[in-house]
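Here is a tour of one protein model, starting from a single residue and working out to the empty spaces. Keep the 3D view open and follow along.

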Amino acid sequence: MTKPTRSPSWKSLQKEYERIQPLHMRDMFAADPGRFDRFSLKLNDILFDYSKNRIDEPVMRGLFDLARDMDLEGWRERMFGGEHINHTEHRAVLHTALRKFGDEPVMVNGMDVMPEVRSELARVKKLADDIRGRRWRGATNQPITDVVNLGIGGSHLGPQMAVEALRPYTIHDLKVHFVNNIDENHITSTLERLSPETTLFIIASKSFTTQDTMVNADTAREWLLARIGSESQLAKHMVAVTSNTEAAVAYGVARENIFKMWDWVGGRYSMWSAIGLATVIAIGPEHFEDMLRGAWEADQHFREAPLEQNIPVIMALLGVWYNNFFGAEAHAILPYDQNLHRFPAYLQQADMESNGKGVDRDGKPVECQTGPVIFGEIGIAGQHAFYQLLHQGTKLVPADMLAAVTNYQCIARHHRALMSNVLAQSEALMMGKTAEQAHQELTAAGMSEDEIASLLPYKVFPGNRPTNTFMFFTLDPRTLGTLVALYEHKIFVQGVIWNINSFDQWGVELGKVLAKNILGEINEGKPVAGHDASTNGLVNYYLGSRPRSS
């Protein structure tokens with residue numbers, strides 16, 4: 001397979017970098033009044049403005065050439081066609097099938113998977129309707145008032161993000177909670193607010209053996225039994241999403257309340273499947289359907305739009321531009337919508353678990369930087385936390401800003417102040433402030449020349465910091481589905497460019513194996529000597545310091 005650094009377009013882009021690197025975006029905008037119109041796109045009600053990037057037409061042509069050199073269009077069709085592009089696990093990659101509308105089949109190993117996908121979705125909707133309609137009753141014939149999702153990683157972050165993002169669409173006397181941390185404080189602090197008689201647990205574990213999830217499930221099970229008293233009644237308070245049906249049945253989950261996971265859907269891409277059960281319960285089947293439709297519309301756009309008008313392709317290529325030519329090692333996600341407060345964490349897993357790879361598809365060490373560090377926070381909070389580094393630090397950190405034109409209540413004095421910050425921050429990051437401008441301001445403030453000379457270096461902002469802005473009418477289910485799918489496809493495109501497999505995650509396995517071994521040693525309670533000196537010392541210190549009951 002082609003190594004990106006050896007393609008003709010990569011070498012051409014290196015020359016484009018040398019040309020563009022000294023240029024400042026403020027000068028590009030001053031020289032080109034039509035820049036916004038040329039470097040912005042729309043999909044439904046989402047505006048994607050990428051004009052505040054260190055690019056021009058020759059740079060973009062070079063990036064599109066790179067995508068074609070790496071056969072992006074071919075890889076895209078292989079993914080949608082159900083080929084085993086996850087080659088290390090011999091699996092298709094078809095999370096797009098989970099939100100597909102239309103009658104066309106989706107083939108995996110010679111079988112159309114769409115009938116089973118739609119059947120499982122119908123079962124999820126039925127259970128959600130029963131809970132929302134108070135027809136599902138617990139062991140004491142009381143309706144369910146609280147649902148607790150027990151999962152980790154993709155079985156947690158996607159559903160939690162969606163439930164938080166779409167909180168205005170939830171039933172407010174039906175609460176959905178999420179527990180992922182094996183630390184007892186997470187589940188105990190959740191359970192102390194709930195009643196066993198009115199609580200339903202969703203155990204979300206593909207293998208039904210994931211330690212973090214199953215330890216929490218054991219605690220939940222004991223908590224239920226202490227009040228309910230009968231194992232035969234557990235089925236009224238537990239459902240499961242897993243591929244290990246028999247283990248779930250043995251645990252006390254009724255077979256009819258076990259929902260299927262497929263091996264052609266990775267955990268971090270699974271929020272569209274039965275893993276999204278908590279989301280469906282929270283927002284209702286109709287709104288979940290709208291979310292699926294929004295994602296499907298993004299799929300159609302990604303598959304059909306020319307590369308030059310393709311939003312996720314451009315998102316990805318801009319990331320490659322900064323990561324591989326400017327040496328940027330991080331990318332910030334900055335939503336200016338409180339309900340999107342879990343969106344950066346969701347994308348952190350989706351991106352870093354997908355593209356945090358050092359070996360290419362041929363099993364060889366990569367020859368270029370791959371996935372960046374993804375971080376972020378609600379924009380207003382971030383302005384008072386880490387924006388100082390974005391504006392005046394020594395590191396180049398490209399950023400995505402996301403904001404709604406209106407929100408669910410849209411209190412004018414709140415929303416206008418919020419939007420003024422969105423627009424001002426992207427402008428400030430691009431324009432900066434020159435020494436001349438700073439000097440004029442300090443002079444107008446009445447400072448002497450000596451005072452100005454002392455303070456001036458601190459008042460200069462270099463600017464030329466790139467941002468993308470996503471502006472949409474409001475954060476409804478359809479828009480959320482579109483946004484998430486756009487980022488999913490961006491991640492895929494970057495994996496193709498870097499010639500890596502974005503759909504395995506072998507890097508998470510080693511720690512799990514070692515933790516299992518150390519747990520056995522901790523349970524035995526004897527001093528250890530089989531690790532490195534640091535680990536031996538830490539294990540033995542813990543064993544000697546813990547209370548007898550721990």
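## Two buried residues and three kinds of space

Let's start with N324, which you'll find in helix α13. One thing to keep in mind as you look around: this is a predicted model.

Is N324 buried or exposed? N324 has a relative accessible area of 15%, and the cut-off for buried is under 20%, so N324 counts as buried. Leaving out residues up to four places away in sequence, N324 touches W10, C368, Q369 and W498. With W498 there is also a polar contact: the two side chains are joined at 2.7 Å.

Now hop over to A330, which sits in strand β10. Its relative accessible area is 17%, so A330 is buried as well, given the cut-off of under 20%. Which residues does A330 touch, if you don't count those up to four places away in sequence? They are P372, V373, F375, V397 and P398. Take F375 from that list: A330 and F375 are 45 residues apart in sequence, yet from C-alpha to C-alpha they are 7.5 Å apart in space.

### The enclosed spaces

Next, the holes. Rolling a probe the size of a water molecule over the atoms shows where empty space is left. In this model there are three cavities of 30 Å³ or more. The largest cavity holds about 110 Å³ of space. It has 15 lining residues, and the closest to its centre are L318, G319, Y322, H331 and P398. P398 is also one of the residues that A330 touches.

Which elements give two or more residues to this lining? They are α13 (311-326), β10 (330-335) and α20 (477-498). So the helix of N324 and the strand of A330 both turn up here. Helix α13 gives the most, with five residues.

The second largest cavity has about 90 Å³ of space. Its lining is made up of L98, V117, E120, L121, V124, W262, W272, S273, A274, F288 and L292. Helices α6 (114-132) and α12 (285-304) each supply at least two of the lining residues, and α6 gives the most, with four.

### The open space

Then there's the largest pocket, with about 1,200 Å³ of space. Of the 38 residues that line this pocket, T210, Q505, V508, E509 and K512 are the closest to its centre. Helices α9 (211-228), α14 (343-355) and α21 each give two or more residues to the lining. The most come from α21, with five residues.

What does α21 itself look like? Helix α21 covers residues 509-524, 16 in total, and reaches 23 Å from its first C-alpha to its last. That is close to the 22 Å expected at 1.5 Å a residue. Just after α21, G525 takes a positive phi of about 80°.

### Linings side by side

Here is how the linings break down by class.

| Space | Nonpolar residues | Polar residues | Charged residues |
|---|---|---|---|
| Largest cavity | eight | six | one |
| Second largest cavity | nine | one | one |
| Largest pocket | 13 | 15 | ten |

To wrap up, go back to helix α13: N324 is found there, and α13 gives the most residues to the lining of the largest cavity.

How values were computed. Residues are numbered from 1 along each chain as its sequence is written. This is a predicted model: local features need pLDDT of at least 70, side-chain atom pairs count only at pLDDT 80 or more; totals for chains, interfaces and linings use all residues. Side-chain values use heavy atoms; hydrogens and water are left out. On a 1 Å grid over the protein atoms alone, a cavity is a set of points where a 1.4 Å probe fits but cannot get out, and a pocket is an open set with protein on both sides within 12 Å along at least five of seven lines; lining residues have an atom within 4 Å of a point. Grid points are joined across faces, edges and corners, and a volume is the space filled by probe spheres set on the points. Ala, Val, Leu, Ile, Met, Phe, Trp, Tyr, Cys and Pro count as nonpolar, Asp, Glu, Lys and Arg as charged, and the others, Gly among them, as polar. The expected span of a helix is 1.5 Å times one less than its number of residues. Buried means under 20% relative accessible area, exposed over 50%, partly exposed in between (1.4 Å probe, protein chains only). A polar contact is a pair of N or O atoms within 3.5 Å; within protein, one must be able to donate a hydrogen and the other to accept it, and residues adjacent in sequence count only if both atoms are side-chain atoms. Contact means heavy atoms within 4.5 Å.
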